[in-house]
Each structure stands twice: as C-alpha cells, then as structure tokens.
Amino acid sequence: MANYALHATLFTAAGWLTAALLPVAAQGPLPAPVPSFYATYQYTSYTVYDNTSAAPPTAVRGVGGTLILRPNGTYEKHLSIVAPSGPHYFNQTGRFTLAGDSIRFAFTDLKGSDVQRGTFRFDPVTKRLTVSIIGYPSGNKGVYELVATEVNTTPAPKASRSKPAKKARR
C-alpha cells in the first residue's frame, strides 16, 4: 500500500511539473534580455536620514545630474543640488565594485583618496536604481533615486593627449 502511495505521489508530481513546463514551451521565443545595469542614470531624488535627530528624513530639493556606471568598473558622478544659497556641484570619477547588493565607490578628490560604501537595488523593468550610502555618524545614510536614460556599453573615453600650442615668436 505504501509503495502504491509513493508511486501515485511521484506520478502526480511529474504531471504537475510537465503541465507547468508545457505552456512555457508553447509560448514561443523567450522575452528579450532585461536592460543593462551599466548605463547613464539621471538623479531624481536624494533623501538624508539622520538618526541623531527626531526629525523625519529630509528630502533634498533641487537634485539633478547624472551617474554613469560602466561595465569596466569605472564611474562618473555629476550631482547638482540647487539650494536657496545657490547651486552646489559634486563631481567624482573613480571605480566602483559590486558584491551582492553592496556597492563601493573609490575616488580621489582634492582631499585625497576616499571610499563611499552602501547598498543598491536595481529594477530592470523600470530601469530604476536606488543607492543608499552609509553616512556619518554611524546609522546615518543618504538615499539616491535614479533612473537609467541610456544603456552604456562603451568604456570611458580616453583623455586626449594633444600637445599645447607653441607660442608665436615676436
């Protein structure tokens, strides 16, 4: 009797598996691949979470600019924030690495070498990218919302090495 129950269960499971797979094969070609993660993104919002205050998170107004993520691990960030005191610009170029849902940006600016760490979430259907960067003191963070404007499959352009023009003799 137990042997019959085992065979009936296996037969039923095989039937469900076959039934589940048949409609997929009958649908025709598979859907197109999802949009690439490596793209040029437009900043749409920036929110600051400050755990040292009882105030709610601050949605920073006047956010704009782009973030370019390339397949070779390089990035360019051109972030602008228009505040009542005037525009503020944040430009970085460097390298980024991904591990699971973690992201790390390494760059050099006027203050020297630095690293920003955080997490990311990418939705290939809407082409939306959310990047949460760990802030200071510990527990604070900045959350950036971006949307891809184009897929970027080419590496960064190489800097031109043109020679400076010679001064004319008098």
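Which strands each supply at least two residues of the lining of the largest cavity? Keep that in mind while you get your bearings; the answer comes at the second stop. One thing to know before you click: this is a predicted model.

**Stop 1: the whole chain**

Start with everything shown as a cartoon. You should find one helix and nine strands. Follow the chain from its start and the order is α-β-β-β-β-β-β-β-β-β, so to speak a helix and then strand after strand. Colour by burial next: of the 170 residues, 26% count as buried. If you turn on a surface, its accessible area is about 12,600 Å², and 61% of that belongs to carbon and sulfur atoms. As for contacts with a separation of 6 or more, 41% of them are between residues 24 or more positions apart.

**Stop 2: the largest cavity**

Rolling a probe the size of a water molecule over the atoms shows where empty space is left. Here, the count comes to one cavity of 30 Å³ or more, with a volume of about 100 Å³. To see its walls, select Tyr43, Leu67, Tyr75, Lys77, Gln92, Phe105, Gln116, Val131, Ile133, Tyr144 and Leu146. Now for the opening question: β4 (74-83), β8 (128-134) and β9 (141-151) each give at least two residues to this lining. Colour the selection by class and you get eight nonpolar residues, two polar and one charged.

**Stop 3: Gln92, on the cavity wall**

Stay with one of those lining residues, Gln92. Gln92 sits in strand β5. Is Gln92 buried or exposed? With a relative accessible area of 11%, Gln92 is buried, because buried means under 20%. Show side chains and draw a distance to Tyr75: the two side chains make a polar contact at 2.8 Å. Then select what else Gln92 touches beyond four places away in sequence: besides Tyr75, the list has Glu76, Lys77, Phe107 and Gln116.

**Stop 4: the largest pocket**

Next, look for the largest pocket, which holds about 350 Å³ of space. There are 19 residues lining this pocket, and to land in the middle you can select Tyr46, Lys77, Phe90, Gln116 and Tyr144, the closest to its centre. The elements giving two or more residues to the lining are β1 (39-49), β4, β5 (86-99), β6 (102-109) and β9. By class, the lining of the largest pocket splits into 10 nonpolar, six polar and three charged residues.

**Stop 5: the second largest pocket**

The second largest pocket has about 250 Å³ of space. Select Phe107, Asp109, Lys111, Asp114, Val115, Gln116, Arg117, Ile133, Ile134, Gly135 and Tyr136 to outline it. Which strand gives the largest share of this lining? It is β7, with four residues. Strands β6, β7 (112-123) and β8 each supply at least two. In this lining, five residues are nonpolar, two polar and four charged.

**Stop 6: Ser80**

Finish on strand β4, where you will find Ser80. Ser80 is buried too, at 18% relative accessible area. Select Gly64 and check the C-alpha atoms: they are 5.1 Å from those of Ser80, although the two residues are 16 apart along the chain. Widen the selection to the residues Ser80 touches, leaving out those up to four places away in sequence, and you get Gly62, Val63, Gly64, Gly65, His88 and Tyr89.

Key:
Residues are numbered from 1 along each chain as its sequence is written. This is a predicted model: local features need pLDDT of at least 70, side-chain atom pairs count only at pLDDT 80 or more; totals for chains, interfaces and linings use all residues. Side-chain values use heavy atoms; hydrogens and water are left out. On a 1 Å grid over the protein atoms alone, a cavity is a set of points where a 1.4 Å probe fits but cannot get out, and a pocket is an open set with protein on both sides within 12 Å along at least five of seven lines; lining residues have an atom within 4 Å of a point. Grid points are joined across faces, edges and corners, and a volume is the space filled by probe spheres set on the points. Ala, Val, Leu, Ile, Met, Phe, Trp, Tyr, Cys and Pro count as nonpolar, Asp, Glu, Lys and Arg as charged, and the others, Gly among them, as polar. Buried means under 20% relative accessible area, exposed over 50%, partly exposed in between (1.4 Å probe, protein chains only). Contact means heavy atoms within 4.5 Å. Accessible areas come from the Shrake-Rupley method with a 1.4 Å probe; for residues, only the protein chains shown count as cover. A polar contact is a pair of N or O atoms within 3.5 Å; within protein, one must be able to donate a hydrogen and the other to accept it, and residues adjacent in sequence count only if both atoms are side-chain atoms.
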